[in-house]
Amino acid sequence: MIRTENISAFVTSVLIHALLLTALGMIRYSLVSEQPEMILETTFDEEELPIQEEFFQELDTNTEIADTANLVAGGEVSTEMASLKEPAVEEEKLASADTLAEPDLRVSLTEVALPGDSLLIEDLGAEEVAGETGAVVEGYGPALSRLTQELLRLMRKDKLLVAWLFDESFSMKADQKAISEQFNKVYEELRIQQQRDKSLRKGDDILETVILGFGESLHTLTKQPTSSLREIRAAIDRIGIDDTGQENMCRAVVSVVDKYSVMAGRRKRRLVIIIVTDESPSDESYLENAITRAKQTRTPIYVLGREAMFGYPYAFFHWKDPKYGLDHHVRINRGPETAYSECLQYNGTWERTRSFPSGFGPYSQMRLARETGGIFFILPTREKLVGYERGAPPKFDPIAMKEYQPQLLARKVYAERRRRSKFRSTIWSVIVTLNPHQDEQLKLLTYYFPIDPVGFRDKAEPQFEKALRVQGLLTEAIKLLDSIRPLRDQEPLRRWRANYDLIRAQCIAYRIVVFQYLLALDRHANQFPKPQDKKSNIWYLARTKQLLLPDEKQFERLRRFFHIRQIREEYLESLKEATKRADEAYRFVENEHPGTPWAVRAAQERNAGYGFTMKEG
């Protein structure tokens with residue numbers, strides 16, 4: 001029998017313990033609820049973090065048919081306007097791996113809201129990732145392998161209608177043949193993966209293809225979309241040659257999107273465009289229209305193209321006339337890598353004729369691929385580029401090049417940012433002023449002087465007045481560039497600082513080059529040696545490291561012409577100082593921007609010398 005007093009004591013004890021536990025529980029809840037949750041973030045030191053969003057990616061060179069797929073989440077349309085971002089601080093090279101070896105752990109105090117399990121297992125969509133602008137490949141085999149992976153990734157969600165757009169220029173015939181021969185690789189790998197992958201519909205043509213050619217206009221080479229490899233190859237063989245010189249790629253994209261997006265919709269497919277070309281488009285004014293139409297229809301665009309020329313719209317390559325066997329320098333559109341040229345279009349006496357690669361693709365094609373979620377593949381150059389007849393064009397340090405990425409902004413945005421910057425707008429004004437494509441009087445003749453004395457003098461005489469004007473423009477350019485020198489270190493983009501450094505060095509050197517040009521013409525016109533070879537019918541000027549030093553008579557003639565106040569000895573000393581200054585300016589570029597086109601070009605110009613010698617030919 002239980003006593004009443006025991007029950008009373010037990011109940012009292014239970015109530016007291018319950019109250020204590022409740023109070024303790026409330027205290028714990030208060031502490032937890034007021035303590036912010038923490039996320040540990042691994043970050044690089046700010047000074048070592050590359051700001052650029054796009055890196056080069058060298059692709060596997062395996063061209064065998066693969067029976068497994070290594071799917072990489074490729075690019076898709078970006079809704080974050082990532083291409084409008086501009087670094088706010090200076091980017092530095094990842095040359096040192098110290099920050100990679102010892103990551104900096106920082107505590108970020110913030111509210112944490114993780115998605116639930118149901119959301120984590122869903123596809124979060126592909127609207128936040130921009131396309132790639134620098135997939136380096138050794139040929140069409142590796143490019144087609146990566147394209148196969150991209151198509152497989154897209155096919156997991158949608159049936160596809162793939163439109164291949166082939167450049168109809170004569171230089172693309174070998175490329176068309178190479179792709180035709182390797183189409184079986186794409187289709188065989190897709191067939192294998194379709195059989196193995198449960199997410200792909202077996203026995204269903206989830207990939208259809210159309211083949212088109214473009215030049216001045218667009219030509220459809222497949223009557224209907226097809227999955228027949230035989231029909232695809234036959235269509236590629238029918239691609240014609242457009243001899244107008246027009247590469248209306250952007251208008252072709254608009255036309256293909258307008259026509260085939262509707263057809264793809266009716267067939268419940270997604271349109272994909274693949275462009276194969278070796279030139280920049282002639283209709284870049286339609287670029288933004290093409291991007292807008294592709295993004296509206298969720299059409300990713302992949303481009304298999306060539307490396308752009310460094311700050312220059314054109315490439316020059318050797319072509320031998322099969323009928324007469326004569327060598328020609330053929331000019332094609334292949335650049336620049338930026339929205340507008342950021343380098344001098346001038347070489348001191350003429351427009352640039354040496355083909356010099358940039359390490360990037362042409363701006364318009366990179367921007368088209370990036371903004372639509374595709375990939376720009378940089379294929380190796382096949383032509384014999386002028387200046388590299390005996391060897392391959394230079395390759396640049398991929399780590400260094402990450403800091404010099406072009407801004408793939410819309411041209412209006414790019415131009416407005418340049419206008420707002422005194423540093424950039426001043427550089428641009430120098431580029432425009434010294435542009436021989438716009439000002440013919442900048443062109444100083446170096447070739448095709450007549451072999452006879454009278455003809456030579458008649459041809460050479462007009463060059464003196466033009467050279468005097470060029471000297472004045474170069475002097476003003478140097479003054480302008482020196483006036484913004486304090487702004488150089490404030491410029492956030494290494495690319496613009498490199499542009500400044502190289503252009504300034506060139507202007508300093510070209511003043512010497514132009515004066516040496518006049519010395520060579522004057523000396524030849526007055527001494528006029530006889531040609532050594534009876535077959536020679538022209539004189540021409542060639543650059544040399546050896547500087548011409550005027551004798552007393554020649555110096556007096558040129559002193560009156562140029563209104564030089566110095567005596568000959570003072571002039572020779574100033575020439576020595578100017579040469580030293582030019583060398584130092586070029587070496588500064590080489591040391592400040594190693595492994596980049598700016599450094600390589602500076603070394604080439606310095607090693608070419610600033611003098612001229614007259615030769616027969």
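In the predicted model, Tyr447 has a relative accessibility of 42% and therefore counts as partly exposed, a class that lies between the cut-offs of 20% and 50%. Tyr447 is also one of the residues closest to the centre of the largest pocket, together with Asn347, Thr353, Arg354 and Arg543. The ring of Tyr447 pairs with that of Tyr540: the centres are 5.3 Å apart and the planes stand at 5 degrees, so the pair is stacked. Tyr447 belongs to the loop between helix 12 (422–433) and strand 13 (449–450), whereas Tyr540 is part of strand 14, so the pair ties together parts that are 93 residues apart in sequence.

The next residue along this loop is described by its backbone. Tyr448, likewise placed in the loop between helix 12 and strand 13, has a phi near 65 degrees, a positive value in a residue other than glycine. With a relative accessible area of 60%, Tyr448 is exposed, because the class begins over 50%. A positive phi is also found at Phe528, where the angle is near 40 degrees. Phe528 is located in the loop between helix 14 (494–527) and strand 14. The relative accessible area of Phe528 is 14%, so this residue is buried, the limit being under 20%. Most residues other than glycine have a negative phi, and most peptide bonds are trans. A cis peptide bond leads from Gly335 to Pro336, with omega near 0 degrees. Pro336 is situated in the loop between strand 11 and helix 9.

The largest pocket has a volume of about 1300 Å³. Its lining is made up of 29 residues. By residue class, the lining consists of 13 nonpolar, 9 polar and 7 charged residues. At least two lining residues each are supplied by strand 14 (538–544), helix 17 (597–608) and strand 15 (611–616). Strand 14 provides the largest share of the lining, with 6 residues. Strand 14 is also the element that holds Tyr540, the partner of Tyr447 in the stacked pair.

Aromatic pairs number 19 in the structure. A pair of aromatic rings is described by the distance of the centres and the angle of the planes. For Phe356 and Phe396, the ring centres are 6.4 Å apart and the planes lie at 50 degrees, so this pair is tilted, an angle of 30 to 60 degrees being required for that class. The two residues come from distant parts of the chain, 40 residues apart: Phe356 from the loop between strand 11 (327–333) and helix 9 (363–372), and Phe396 from the loop between strand 12 (375–379) and helix 10 (398–401). The loop that holds Phe356 is the one in which Pro336 is found. Phe356 has a relative accessibility of 0% and counts as buried, and Phe396, with a relative accessible area of 13%, is buried as well. Both rings belong to a cluster in which ring pairs link Phe310, Phe356, Phe396, Tyr404 and Trp598. Trp598 falls within the residue range of helix 17 (597–608).

Two further residue pairs were examined through their C-alpha separations. Val454 is placed in helix 13 (residues 453–483) and, at 55% relative accessibility, counts as exposed. The C-alpha atom of Val454 is separated by 9.1 Å from that of Ala525, and the two residues are 71 residues apart along the chain. Glu181 is placed in helix 5 (residues 173–196) and counts as partly exposed at 47% relative accessibility. For Glu181 and Arg233, which are 52 residues apart along the chain, the C-alpha atoms are separated by 7.9 Å.

Over the whole chain, the model has 17 helices and 15 strands. Of the 617 residues, 49% count as buried. The accessible surface of the chain amounts to about 31500 Å², and carbon and sulfur atoms account for 53% of this area. Among contacts between residues at least 6 apart in sequence, 84% join residues that are at least 24 apart.

Definitions and conventions:
Residues numbered from 1 in each chain as written. Predicted model: local features only at pLDDT ≥ 70, side-chain atom pairs only at ≥ 80, totals over all residues. Heavy atoms only, no water. 1 Å grid on protein atoms, 1.4 Å probe; cavity = no way out; pocket = protein on both sides within 12 Å on 5 of 7 lines; lining within 4 Å. Points joined across faces, edges and corners; volume = space filled by probe spheres on them. Helix = DSSP H or I, 4+ residues; strand = E, 2+ residues; numbered from the N terminus. Nonpolar A, V, L, I, M, F, W, Y, C, P; charged D, E, K, R; others polar. Buried < 20%, exposed > 50% of the residue type's maximum accessible area, 1.4 Å probe, protein only. Contact = heavy atoms within 4.5 Å. Areas by Shrake-Rupley, 256 points an atom, 1.4 Å probe, with all protein chains shown as cover. Phe/Tyr/Trp six-rings, centres within 6.5 Å; stacked < 30°, edge-to-face > 60°.
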